[in-house]
Amino acid sequence: MVIRDLLNLCEITKGKDNKAVIASNIMYVVGQYPRFLRAHWKFLKTVVNKLFEFMHESHPGVQDMACDTFLKIVQKCKRKFVTVQVGENEPFVSELLTTLPATIADLEPHQIHSFYESVGNMIQAEPDPHRRDEYLRRLMELPNQKWAEIIGQARQSVDYLKDPDVIRAVLNILQTNTSAANSLGTYFLPQISLIFLDMLNVYRMYSELISTSIAQGGRYASRTSIVKLLRSVKRETLKLIETFLDKAEDQPHIGKQFVPPMMDPVLGDYARNLPDARESEVLSLFATIINKYKRAMIEDVSRIFEAVFQCTLEMITKNFEDYPEHRLKFFSLLQAIATHCFPALIHLSSEQLKLVMDSIIWAFRHTERNIAETGLNLLLAMLKNFQASEFCNQFYRTYFSTIEQEIFAVLTDTFHKPGFKLHVLVLQHLFCLVESVVMSEPLWDVATVPYPYPNNGMFIREYTIKLLSTSFPNMTATEVTQFVNGLFESREDLVSFKNHIRDFLVQSKEFSAQDNKDLYAEEAAAQRERERQRMLSIPGLIAPSEIQDEMVDS
């Protein structure tokens with residue numbers, strides 16, 4: 001009743017401002033009741049056609065809201081649009097694709113991208129593969145015509161691609177493809193296969209233009225409008241490939257089809273480029289690929305390592321400020337390799353492995369919280385993988401003392417309090433390991449340490465006491481010894497182990513005068529979650545908008 005009254009009111013009301021207010025009310029209300037829309041097809045169709053009308057409305061904000069509401073409705077009612085409804089000759093999506101050019105004629109590029117994502121959601125719900133591919137072909141007809149025209153002109157004269165208007169057109173086409181890939185996932189395969197190789201050629205050419213500009217004009221050249229535009233095309237190309245591979249189902253043939261052709265145009269280009277011309281999206285793309293195809297990528301890790309590792313480290317380890325996007329993405333890539341392709345790391349040379357470990361230590365020393373956290377998670381993955389490998393003794397003999405020293409350094413640094421939970425997990429792993437049967441060889445250097453320790457536990461106990469006595473000169477030897485003994489005694493129980501370390505820190509001079517709420521963050525989060533669950537169990541205490549949406553048309 002409310003929506004019907006609003007629709008009638010919209011018809012009889014005069015004045016664009018008044019109509020726009022009513023239109024926004026209609027769009028908000030219809031988006032809140034997907035179950036009702038799914039149950040009443042004629043009403044759903046009327047609402048969607050009304051949204052198409054609003055897409056031609058020039059009043060500020062109306063078109064944006066129409067596109068947003070259309071996406072919201074399609075996500076929750078998508079199956080209705082690919083089914084032939086009673087009294088209809090064809091599914092609504094087919095009718096929509098016929099009139100698509102007229103429907104989007106007045107929309108801005110970003111609104112068209114949203115519209116394509118919405119229609120992609122509809123097509124994704126089509127169960128028949130042939131019909132689905134046909135819908136996709138019709139959906140991408142306009143951008144594909146423009147793409148074919150640009151590539152055709154470029155084959156006659158490469159300079160055509162240097163025109164700023166052409167670069168913007170290429171960017172717009174790629175963004176449209178990314179929007180469709182985001183909703184279609186695996187079913188986007190026919191379309192991306194169509195443009196993939198030409199897209200890589202454009203990527204390569206634009207990359208050369210950027211490198212030439214920066215080589216001639218220095219760092220300031222990277223801030224010129226033309227270079228920014230060219231880089232936008234490169235980034236969107238990488239984003240499109242990453243979106244498709246991430247959303248596509250885990251099918252090995254897709255990886256085999258798309259990963260090898262990218263090795264030189266993308267990876268090789270990254271290695272050859274000047275630092276200011278390297279795109280951080282290359283790192284996140286290959287992190288996505290490794291997370292997706294896991295052990296199937298083991299053979300390619302050495303190539304990835306050679307292309308990105310050394311040159312990226314040189315960029316990000318000069319200070320803690322330059323190239324912020326490369327930092328986090330670099331360590332995310334390293335974490336993907338350590339998690340899914342660990343055998344490839346074992347086969348690195350000792351110099352390369354030292355480079356990896358140094359970079360991990362550098363990461364968790366970082367003052368940027370998310371980088372430090374990624375570094376610590378990466379360290380934990382490495383420690384657990386090496387523990388289960390045949391190189392366990394060799395690895396820990398080389399790195400155990402260094403890792404313990406560096407972890408205690410950040411643990412006792414008040415700037416790194418947010419990482420407390422992960423610091424504790426690393427230390428617990430080390431203290432449990434040192435007393436386990438896995439460590440069958442001495443951790444100390446037999447050639448330089450004259451005193452033969454009875455076991456690794458005694459060596460690490462003495463090493464830790466010396467380490468902490470140096471770090472906390474204001475604490476007595478008895479206090480430090482009691483703390484270290486407590487670490488060994490409580491190592492099997494994480495809660496006791498964590499409380500023991502926290503008590504030690506709070507009593508120390510560095511922490512005693514500070515707000516230490518970060519040390520209790522895990523317990524506070526658990527308390528908030530318990531309170532939320534309690535409120536969820538009582539109807540009406542939490543607003544419907546705050547409860548996870550269970551009305552998606554899956």
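E281 is a buried residue, at 16% relative accessibility (buried is under 20% relative accessible area, exposed over 50%, partly exposed in between, with a 1.4 Å probe and protein chains only). It's a handy way into this predicted model, where local features need pLDDT of at least 70, side-chain atom pairs count only at pLDDT 80 or more, and totals for chains, interfaces and linings use all residues. Residues are numbered from 1 along each chain as its sequence is written, and side-chain values use heavy atoms, with hydrogens and water left out.

**Salt bridges**

What does E281 pair with? The side chain of E281 meets that of K329 in a salt bridge, 3.9 Å from N to O (the rule asks for a side-chain nitrogen of Lys or Arg within 4 Å of a carboxyl oxygen of Asp or Glu). K329 lies in helix 17 (residues 324-340) and E281 in helix 15 (residues 281-293), so the bridge ties together parts that are 48 residues apart in sequence. Helices here are DSSP runs of H or I with at least four residues, numbered from the N terminus. K329 itself is partly exposed, at 24% relative accessibility. Both residues also belong to a salt-bridge network that links R231, R235, E279, E281 and K329.

The total is 21 salt bridges by this rule. Here are three of them:

| Pair | Closest N to O distance |
|---|---|
| K329 and E281 | 3.9 Å |
| E406 and R365 | 2.7 Å |
| D198 and R155 | 3.1 Å |

Take E406 and R365, bridged at 2.7 Å. E406 sits in helix 21 (residues 392-411) and R365 in helix 19 (residues 350-365), so that bridge joins parts 41 residues apart in sequence. E406 counts as buried at 14% relative accessibility, while R365 is partly exposed at 38%.

Then there's D198 with R155, at 3.1 Å between the closest N and O atoms. This pair links distant parts of the chain, with D198 in helix 12 (residues 189-217) and R155 in helix 10 (residues 141-156), 43 residues apart. R155 is exposed, with a relative accessible area of 63%.

**Rings and charges**

On to the aromatics: the whole structure gives 27 aromatic pairs. Rings of Phe, Tyr and Trp (its six-membered ring) pair when their centres lie within 6.5 Å; planes under 30 degrees apart are stacked, over 60 edge-to-face, and the rest tilted. F81 and F92 have ring centres 5.5 Å apart and planes at 55 degrees, so they count as tilted. F81 is in helix 5 (residues 62-81) and F92 in helix 6 (residues 92-98), 11 residues apart. Both F81 and F92 are buried, and ring pairs join them with W41, F52, F70 and F115 in a cluster.

F431 and F488 are edge-to-face, because their planes stand at 85 degrees, with ring centres 5.0 Å apart. They link helix 22 (residues 420-434), home of F431, to helix 24 (residues 477-490), home of F488, across 57 residues. Both F431 and F488 are buried.

Which charge sits over the face of F488? That's R461, at 4.2 Å from the ring centre (the cut-offs are NZ of Lys or CZ of Arg within 6 Å of the ring centre and within 35 degrees of the ring normal). Likewise, R278 lies over the face of Y270, at 5.7 Å from the ring centre.

**Cysteines**

The disulfide count is zero, with a cut-off of 2.5 Å between cysteine sulfur atoms. For C77, the nearest cysteine sulfur is that of C67, 17 Å away. C77 is buried, with a relative accessible area of 0%.

Technical notes
Helices (H or I, at least four residues) and strands (E, at least two) are DSSP runs, numbered from the N terminus.
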